[in-house]
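Q: Please take a close look at one helix in this model. Tell me what surrounds it, and then how the two chains meet.

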Amino acid sequence: MIAKRIPSILPDLSFEEALEITKIHSIAGTLKQDVPIIISRPFRSPHHTISATSLAGGGRIPKPGEISLAHYGVLFLDELPEFNQHTLEVLRGPLEDGLVTISRINGTLTYPCNFMFVASMNPCPCGYYGSQEKECSCSMQAITKYMGKISGPLLDRIDIQIEVTPVKYKKLENDKAEETSEQIKQRVNKARQIQRDRYKEEKIYSNSNLTPNLIEKYCKLNKESKSILEIAFNKLGLSARAYGRILKVARTIADLEGSEQIQKAHITEAIGYRNLDKKYWKN
Amino acid sequence: MKIIKKADKIYPEKLLKIQNPPDELYVEGNMDLLSQNSIAIVGSRLATEYGKKCAKLFSSQLSEQGFTIVSGLAVGIDSIAHTYSMEKKGKTIAVLGSGFNNVYPEENYYLYKKILENDGCIITEYPPETPKSKGNFPKRNRIISGLSLGVLLVEARYGSGGAITAKLAIKQGKDVFCIPNRIDEKTGYNTNLLIKQGANLVTCAQDIIDFYIEEGIEIQQNVNKKEAEKQLQNLKQYQTIYNLIGQLPISANEIFRITNKPITEISEALCMLEIEGLIKNIPGNKYIRN
């Protein structure tokens, strides 16, 4: 449910982005007659029976796959462990590079695939592992096997990992005023504008496109935050990839708050978003 | 690897006293441990957070006090008992239900090596090539209890391996200690059952130590203490939040409702406390004290 609502808070497209998306959809042949240009971010949610080829793209003359069709938008994979493991591993490279190169006998094509990867899953086959309300009926082996379908390298590329607990009926009835999608979208747009202004000279649009060199330039930490990150690194056993990703997330949190510097709270929040693997994938 | 025959002088005396001692023992590592004061810590493979926590606490404290920890190298409570006994340079013995060339479960091979690196001991009554087999595991339980002064049962379902070990321990005249469990938790059924039948109820490692001091058994202390209080000094600003987190799991939302502090401040505190190892994030998105 949350994932389906993500498009409602995505930032508006710039003209260049809209053109790129339209081009890809035109190549794929999915552009409708009466839509000359796509002006909203795509949201793709293929069923878990999808093959590796249709995810990455392919065919005699390679056509763009789901990851390219989700360019500048969202690729949502519901029930992640149900996907074929081989299919999921296809995502590794594209998630890192934002590009996918497909070689076939008739040619080699490179499609852009700068998408936001969103996935959801249960903690175990029965769905109650860790629940306070109901006892989980899975054996430890079954849980390990279920979790094992998501490989470490793939997990490492997911910046924000959150565990949600079931919503109680009372809460569904709650009519307290909460922040609407419209309001959240305004915040997102503002943060995007900050990023666009900041990266004017770098030919990138957002924090997610930062390269290691640029991270050093734009994600400067004060002494305190640096020491926290260092301790977290040693104690939590984070990878080098996680380092860059935590900084990018912290930069984004700071942007959302309109803070020019990355503060201690931003860094700790970003670290807090990477704790799922510790809980479920290690002892 | 060494093979000890029943007739050998170094064959552990304690094992000779049990009903059907193994004819041969295959031993790797520090053999001296076999004759030292030891406590077996056993329990469920499918341990709850509560069980894991208790195993951790008892294992590290008992080994700190000089007891050797005996267990069965299975997943769950066994692994935790082995791991935390070594944390403070304590000693541990693992009893296998298969041969040395077929360590089971495979994922504990790393732990197996770690035990040997830390001057621990691994024994089995089966020749190296013996594969794992269902019947062997209950059988090796008699060695686990036989090698120890007493058996600490952390949590056990009805009729589980841990329960069998406790039963054998009673037969062998060993002391049985049980940690009380919640009555609505299946994992603690047999533990509570044994308490009902007269096993020693223990709530801290000191209970076991006191028990043996009364029995007149001398134990050499292993001094190397590290206090959580010291760490908290650097984290004073998070004290209020730390105080809220106890043995029962609590979520960030609940902390927010109680304290009414901004969620950013709470998540910062939780992250810092977790990094320092004072609290732990458990499945269900809740926190408990470590």
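A: What follows starts with one helix and works outward.

This is a predicted model, in which local features need pLDDT of at least 70, side-chain atom pairs count only at pLDDT 80 or more, and totals for chains, interfaces and linings use all residues. Residues are numbered from 1 along each chain as its sequence is written, while chains are lettered from A and ligands numbered from 1 in the order in which they are written.

Take helix H12 of chain B, residues 263-275. Helices (H or I, at least four residues) and strands (E, at least two) are DSSP runs, numbered from the N terminus. H12(B) has 13 residues. From first C-alpha to last, H12(B) reaches 18 Å, close to the 18 Å expected at 1.5 Å a residue. That expected span is 1.5 Å times one less than the number of residues. After H12(B) comes B:Gly277, with a positive phi near 80 degrees.

Which residues of H12(B) are buried? They are B:Glu268, B:Ala269, B:Leu270, B:Cys271, B:Met272, B:Leu273, B:Glu274 and B:Ile275. Buried means that 20 or more other C-beta atoms lie within 10 Å of the residue's own; 12 or fewer means exposed, and in between is partly exposed, with C-beta atoms placed from the backbone.

The cover comes from both chains. Chain B supplies helices H10 (239-244) and H11 (252-259), plus strands S11 (279-282) and S12 (286-289). Chain A supplies helices H11 (223-236) and H13 (264-272).

Now step back to the two chains. In chain A, 22 residues are in contact with 17 residues of chain B. Contact means C-beta atoms, placed from the backbone, within 7 Å. On the chain A side, H11, H13 and helix H14 (276-280) of chain A each give two or more residues. H13(A) gives the most, with 6 residues. That side holds 9 nonpolar, 8 polar and 5 charged residues. Here Ala, Val, Leu, Ile, Met, Phe, Trp, Tyr, Cys and Pro count as nonpolar, Asp, Glu, Lys and Arg as charged, and the others, Gly among them, as polar.

How far can chain A be trusted? Chain A averages a pLDDT of 86, and 95% of the residues score at least 70. pLDDT is the predictor's confidence in each residue, from 0 to 100. In chain A, helix H8 (residues 169-173) is lowest, at a mean of 65, and helix H3 (residues 66-69) is highest, at 94. Where pLDDT is low, the predicted coordinates should not be read in detail.

How values were computed:
Two residues are in contact if their C-beta atoms, placed from the backbone, lie within 7 Å.
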